[in-house]
Amino acid sequence: MPQLNDLSRSLVALDQDSTIIAVVELSQSSWLVAGVLPGIERQPQKKLEPSAERLLGLLHRWRDEAVRAGKKITRIALAFEAGRDGFWLARWLNARGVEAHVIHPSSVAVSREHRRAKTDRLDTELLKRGFLGWLRGERGHCSMARVPTIAEEDAKRPNRERECLVGERTRIVNRMKATLAGDVLADSLRTDRHAFRRLENALYHWARLATQHDALSRRRYAALRRRGHSHGRALRTVADRLLSVACTLLEQQTLFDPTYEVRDAASA
């Protein structure tokens, strides 16, 4: 007995004579849309600028073209791979009468040849074959991702933002370690302007991250801005404090002590 939440195949019967089938290859600069139109021998492809309104307009033009060919269109089914555009596009299209699906990228079978050709047009053909098989109810072609609600996505946002901040902090620390490596730091900073610039940039980004992630740094930054300091000057002040704390810890060869923050906050 089929499961109601089975996303490995469509549970709705496909009538190709009344269904427009389309797939979209999404990228930051353009969207390539490929379709299968009832009553139309050719299988059109159209490159669009990234715009949901233009995509919907294209689907409506294809529907009108199929109607002029004598077909009664009752369903528009569209699919695209999960990626940077997320699920908002699927929700937007579903709200406007388009049956939009989001494909798990890892579920689409691809050639494992080391030097296989890869273009947007080839990718759309691959997506089209997989989506057609899925619509027919056949297993093994591709699998769909469940489209979450806005509330469900908002609930995940704090964790995702924290992951981004932690990842950015790790990159900054690694850059500083690379700049500070070796026993010739002082000579390097005096003679190598590029090394000094890299350290300066790393400290700036560290301060910017701290104002988002650390309550004490955020309060310091806000207080400096209220006193009339510019954004850059306030960040440099925060960076100076962070650098002094780091130097103290290095000199004492100790790990960070939370009580140091308490004493510092009390004296601020």
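The accessible surface of the protein in this predicted model adds up to about 17000 Å², and carbon and sulfur atoms account for 52% of that. On the inside of the picture, 36% of the 268 residues are buried. As for secondary structure, the chain is built from nine helices and six strands. Sequence separation is worth a look too: take the contacts between residues at least 6 apart in sequence, and 58% of them turn out to link residues at least 24 apart.

Strand β1, spanning residues 19-26, is a good place to zoom in. Burial here runs the whole length of the strand, with eight of its eight residues counted as buried. Neither face is left uncovered. One side carries Thr-19, Ile-21, Val-23 and Glu-25, the other Ile-20, Ala-22, Val-24 and Leu-26, and all of these are buried. So much for cover; next come the neighbours.

β1 pairs with two strands, β4 and β2. With β4 (residues 75-81) the arrangement is parallel, held in register by six bridges; Ala-22 of β1, for instance, has Leu-78 as its bridge partner in β4. With β2 (residues 31-36) there are again six bridges, but these two strands run antiparallel. Here Ile-21 is matched with Val-36 of β2. The link between β1 and β2 is a hairpin, with four residues separating the two strands. Ala-22 and Ile-21 thus sit on opposite sides of β1, both buried, and they have bridge partners in β4 and β2, respectively.

Key: Residues are numbered from 1 along each chain as its sequence is written. This is a predicted model: local features need pLDDT of at least 70, side-chain atom pairs count only at pLDDT 80 or more; totals for chains, interfaces and linings use all residues. Side-chain values use heavy atoms; hydrogens and water are left out. Buried means under 20% relative accessible area, exposed over 50%, partly exposed in between (1.4 Å probe, protein chains only). Contact means heavy atoms within 4.5 Å. Accessible areas come from the Shrake-Rupley method with a 1.4 Å probe; for residues, only the protein chains shown count as cover. Two strands pair if DSSP finds at least two bridges between them.
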